Amino acid sequence: MSMNRRSALGLLTGGSLSALAIMHSPLAFAQAGATYKDPRAPIAARVADLMARMTLREKIAQIRTAWQGKGDMIEGLEFVPEKASVAFPDGIGHVTRPSDKRGVPGISGAAGGTAARWRTPEETVAFINALQRWALEDTRLGIPVLLHEESLHGYMATEATMFPQAIALAGTFDTDLMRRVQSVTAREVRARGVPLVLSPVVDIVRDPRWGRIEETWGEDPYLAAEMGVAAVEGLQGPGKFEMLREGKVFATLKHMTGHGQPEAGNNVAPAQLSERELRENFFPPFREVVRRTSIGAVMPSYNEIDGIPSHANTWLLGDVLRGEWGFDGIIVSDYGGVHELATLHHVAADLEDAAQQSLLAGVDSELPEGMAFATLEEAVEAGRIPVELIDTACARMLAIKFRAGLFENPYGDFQLAQRITGNAEARALALEAARKSMCLLTNGKGALPLRETEMGRVAVIGPNHAIARLGGYSSVPQQTVSLIEGLRQIAPGADFVTAQGVFITTSEDRSQDIIELAPRERNLALIEEAVEVARGADTIVLAIGDTEQTSREGFATNHLGDRTDIDIVGEQNALVDAMAALGKPLIVCAINGRPPSWPSVVEKADAVLECWYPGQEGGTAMAEALLGRINPGAKLPVTVVRNEGQVPSFYNHKPSARRGYLFDDASPLFPFGHGLSYTTFTISEPRPGKTRFATDEPVTVEVDATNDGPVAGDEVVQLYVTRTEASVTQPVLELKGFERVTLAPGETRTLRFTIEPRRLAIWNRDMVEVNELGPLTLSVGNSSASLKQTEVEIIA
């Protein structure tokens with residue numbers, strides 16, 4: 001065994017989980033009776049007692065998972081105890097996505113889009129309860145099964161509430177809303193009997209070519225951290241705790257790390273990032289969540305950093321995550337991330353070597369099947385892999401089961417699930433979230449809001465006008481509202497006419513591997529039809545953008561999702577040109593997963609409303625925003641570039657960047673934090689509490705926000721800092737505070753921000769984190785490009 005692997009083993013077997021320290025002590029073996037079954041006993045003692053009773057095969061079973069393997073425990077969709085006992089004689093540690101039909105003949109995946117791929121809520125609860133009853137009553141030790149589901153923007157299962165996509169929620173700049181959204185998600189998941197979800201994604205993202213950009217909270221480390229903490233608090237409950245509360249689920253931080261800036265924007269590609277870049281930008285959201293919550297799980301990223309894939313990176317997962325930050329939960333692999341050490345990255349000789357490397361790095365559970373961990377029994381018995389690696393991972397997996405209360409009650413409650421899932425309260429919250437995610441990008445000559453008495457006949461046209469786009473990691477909710485449905489509900493007396501305009505792709509099945517753009521000739525004919533419809537109208541509303549096929553996770557070479565061209569795809573630009581040529585008011589609803597790098601659209605439209613994927617109630621929210629029933633108040637959580645030649649482009653760049661280009665503009669199409677309103681706001685200059693702050697003092701700032709326009713509205717006040725005269729180069733701006741406020745016409749509110757010293761610390765030339773002395777610029781405004789400044793100083 002190499003020295004690197006020996007040191008990693010030492011770190012793991014002496015790790016932070018207190019159960020490990022007593023696992024092999026005489027006390028553990030001297031326990032009278034089955035201590036692990038006593039809910040009053042300390043979790044460390046329960047883990048130690050149970051571990052002392054387990055065989056090697058039972059331990060390995062606890063760190064493996066079954067997904068396709070569900071087929072070996074069911075007939076049709078029903079769990080069959082006799083089949084499970086034959087296929088899994090040593091128990092089942094972890095089951096992947098009990099709500100989908102993986103394992104049923106003919107079901108190869110369940111990426112969303114069609115209810116045929118999913119169990120009903122009743123079927124899901126029945127499967128989970130039968131599985132857990134078997135685990136508790138028919139296996140030798142009665143160890144319950146851990147189950148996980150996806151919940152990127154709501155529980156990815158039929159009839160659950162689908163909220164706006166992650167990037168849309170980020171644009172709300174509303175952490176309270178995030179907590180409430182995730183709390184509803186948690187209760188819907190837990191009611192069906194699932195205690196773990198694979199969210200949130202706290203990767204910062206810097207490449208719009210990457211198809212997973214919609215899953216993130218944007219480019220800024222501070223915004224991603226604050227949204228991450230809020231999301232975890234909503235899912236798990238606030239603060240530090242040992243036992244998971246009722247109606248809550250353990251969250252999983254994804255994906256550690258560098259995933260959001262892959263080489264050439266290609267999913268899974270290497271992240272060419274230095275340690276300084278990691279510590280300054282990519283680590284902070286993960287670190288902040290670990291610091292402030294009892295986050296249950298972390299998932300490594302698929303990519304490599306400096307030649308080492310994250311699933312085998314002992315420095316990343318061991319030294320940093322478990323060592324420096326003190327993370328004591330479980331590390332679950334991304335789907336296939338362990339065996340890809342051998343099959344994709346070629347740093348492991350075979351599956352056994354891949355299993356050993358990931359265990360040394362700290363991976364505790366191999367998702368989705370555990371195919372590499374299946375080699376462990378033979379390897380341990382032959383002396384090639386030390387049993388301590390299995391013991392360490394198994395102890396952590398058992399601990400989270402005890403913390404979730406699964407040994408006492410692992411069951412779902414269908415009656416409860418039916419009562420709370422997608423109910424009126426959840427639907428109202430989905431609508432509130434959609435309303436708060438509307439971002440007004442342009443509004444030339446006050447084209448919006450539309451006034452029913454003046455807008456006349458409205459032509460609602462485009463590939464997204466009559467379909468509810470939910471985005472990736474979505475299932476089929478109880479109801480959805482498209483744009484045209486929302487308009488007709490909000491303004492039943494108005495005159496709306498419709499046309500398809502174009503189709504974007506040939507299919508709407510988001511699970512489909514090969515994606516084809518709709519035929520050009522057909523689209524050109526549809527554009528002509530749309531022109532005839534629009535010619536008889538007074539106002540044009542265009543619903544254009546993406547589909548769940550044109551912006552998605554590219555998880556395999558035959559299932560791609562990244563693009564080299566970030567402009568709007570297909571004949572949508574031609575549709576915009578044709579509509580603009582009619583000379584009528586032209587309003588664009590951008591319904592999309594990628595940022596709207598659509599320079600021609602922006603130039604020709606009178607107004608552009610960024611809607612992202614607004615969730616199941618999105619049609620109502622979009623209609624309300626267009627008709628002035630609500631006032632858009634969201635901001636952009638990303639910089640929107642003009643073209644892919646500017647990539648990567650982010651607001652918190654270094655002073656030497658963005659110098660300019662020949663024959664093109666270096667400025668973004670829209671800056672980070674941008675978003676307009678139907679009213680006007682004035683934000684005062686920042687007023688610091690004093691002009692000089694010690695290195696261990698928080699910097700305090702006050703600022704006044706005034707609505708000096710005619711209607712009520714929301715403004716997001718943003719606080720940035722700039723450090724100069726530092727020992728290493730610093731970004732031109734860094735977000736350090738934000739607050740979304742609702743102001744009536746004429747109302748002024750004073751906002752108070754506090755920047756803790758740790759938020760001002762930088763990594764100096766010796767890679768030591770320190771709050772250095774020197775000048776500090778405080779900037780406030782309503783976007784990164786519209787700021788007022790003042791100077792303070794950090795002193796000894």
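**Exercise 1. Classify the packing of helices α14 and α16 in this predicted model.**

Solution. The result to be reached is that α14 and α16 are oblique to each other. The helices concerned are α14, residues 351-361, and α16, and their axes meet at an angle of about 55 degrees with a separation of 10 Å. Angles under 35 degrees count as roughly parallel and 65 to 115 as roughly perpendicular. The angle of about 55 degrees falls in neither class, and the pair is therefore oblique. As to handedness, the crossing of α14 past α16 is left-handed. Finally, the contact involves Gln356, Leu359 and Leu360 on the α14 side, with Leu389, Ile390 and Ala393 on the α16 side.

**Exercise 2. Describe how helix α4 packs on helix α16, and place Ala44 in this picture.**

Solution.
1. Helix α4 spans residues 43-53 and helix α16 spans residues 387-403; their axes approach within 9 Å and cross at roughly 130 degrees.
2. An angle over 145 degrees would count as roughly antiparallel, and 65 to 115 as roughly perpendicular. The two helices are therefore oblique.
3. The crossing of α4 past α16 is right-handed.
4. From α4, the residues in contact are Ile43, Arg46, Val47, Leu50 and Met51; their partners in α16 are Asp391, Cys394, Ala395, Leu398, Ala399, Phe402 and Arg403.
5. Ala44 also belongs to α4. With a relative accessible area of 15%, Ala44 is buried. Its C-alpha atom is 9.5 Å from that of Phe402, although 358 residues separate the two along the chain.

**Exercise 3. Determine the geometry of the ring pair Phe79 and Phe127, and locate both residues.**

Solution.
1. A pair of aromatic rings is described by the distance of the centres and the angle of the planes.
2. The structure as a whole contains 13 aromatic pairs. For Phe79 and Phe127, the ring centres are 6.2 Å apart and the planes stand at 70 degrees, so this pair is edge-to-face.
3. Phe79 belongs to strand β3 (residues 78-79) and Phe127 to helix α7 (residues 121-138), so the pair ties together parts 48 residues apart in sequence.
4. Phe79 and Phe127 are both buried.
5. Phe127 has a further neighbour: Arg119 lies over the face of its ring, 4.3 Å from the ring centre.

**Exercise 4. Repeat the analysis for Phe283 and Trp315, and state the accessibility of each.**

Solution.
1. The ring centres of Phe283 and Trp315 are 5.9 Å apart and the planes are at 35 degrees, so the pair is tilted.
2. Phe283 is in helix α11 (residues 275-292) and Trp315 in helix α12 (residues 314-324); the pair links distant parts of the chain, 32 residues apart.
3. Phe283, at 2% relative accessibility, is buried. Trp315 has a relative accessible area of 25% and is partly exposed.

**Exercise 5. Characterise the surroundings of Gly260.**

Solution.
1. Gly260 lies in the loop between β7 (252-256) and α11.
2. Its relative accessibility is 0%, so Gly260 counts as buried.
3. Leaving aside residues up to four places away in sequence, Gly260 touches Asp203, Ile204, Val205, Arg206, Asp207 and Trp210.
4. The C-alpha atoms of Gly260 and Glu219 are 8.7 Å apart, with their positions 41 residues apart along the chain.

**Exercise 6. Identify an aromatic cluster and a lysine placed over a ring.**

Solution. One aromatic cluster is formed by Phe173, Tyr222, Tyr651, Phe672, Tyr720 and Phe738. The lysine is Lys254, whose charged end sits over the ring of Tyr473 at 5.4 Å from its centre.

Notes
Residues are numbered from 1 along each chain as its sequence is written. This is a predicted model: local features need pLDDT of at least 70, side-chain atom pairs count only at pLDDT 80 or more; totals for chains, interfaces and linings use all residues. Side-chain values use heavy atoms; hydrogens and water are left out. Rings of Phe, Tyr and Trp (its six-membered ring) pair if their centres lie within 6.5 Å; planes under 30 degrees apart count as stacked, over 60 as edge-to-face and the rest as tilted. Helices (H or I, at least four residues) and strands (E, at least two) are DSSP runs, numbered from the N terminus. Buried means under 20% relative accessible area, exposed over 50%, partly exposed in between (1.4 Å probe, protein chains only). A charge sits over a ring if NZ of Lys or CZ of Arg is within 6 Å of the ring centre and within 35 degrees of the ring normal. Axes are lines fitted to C-alpha atoms, for helices over the stretch in contact, and angles run from 0 to 180 degrees between N-to-C directions. A crossing is left-handed if the near helix is turned anticlockwise from the far one by less than a right angle, and right-handed if clockwise. Contact means heavy atoms within 4.5 Å.
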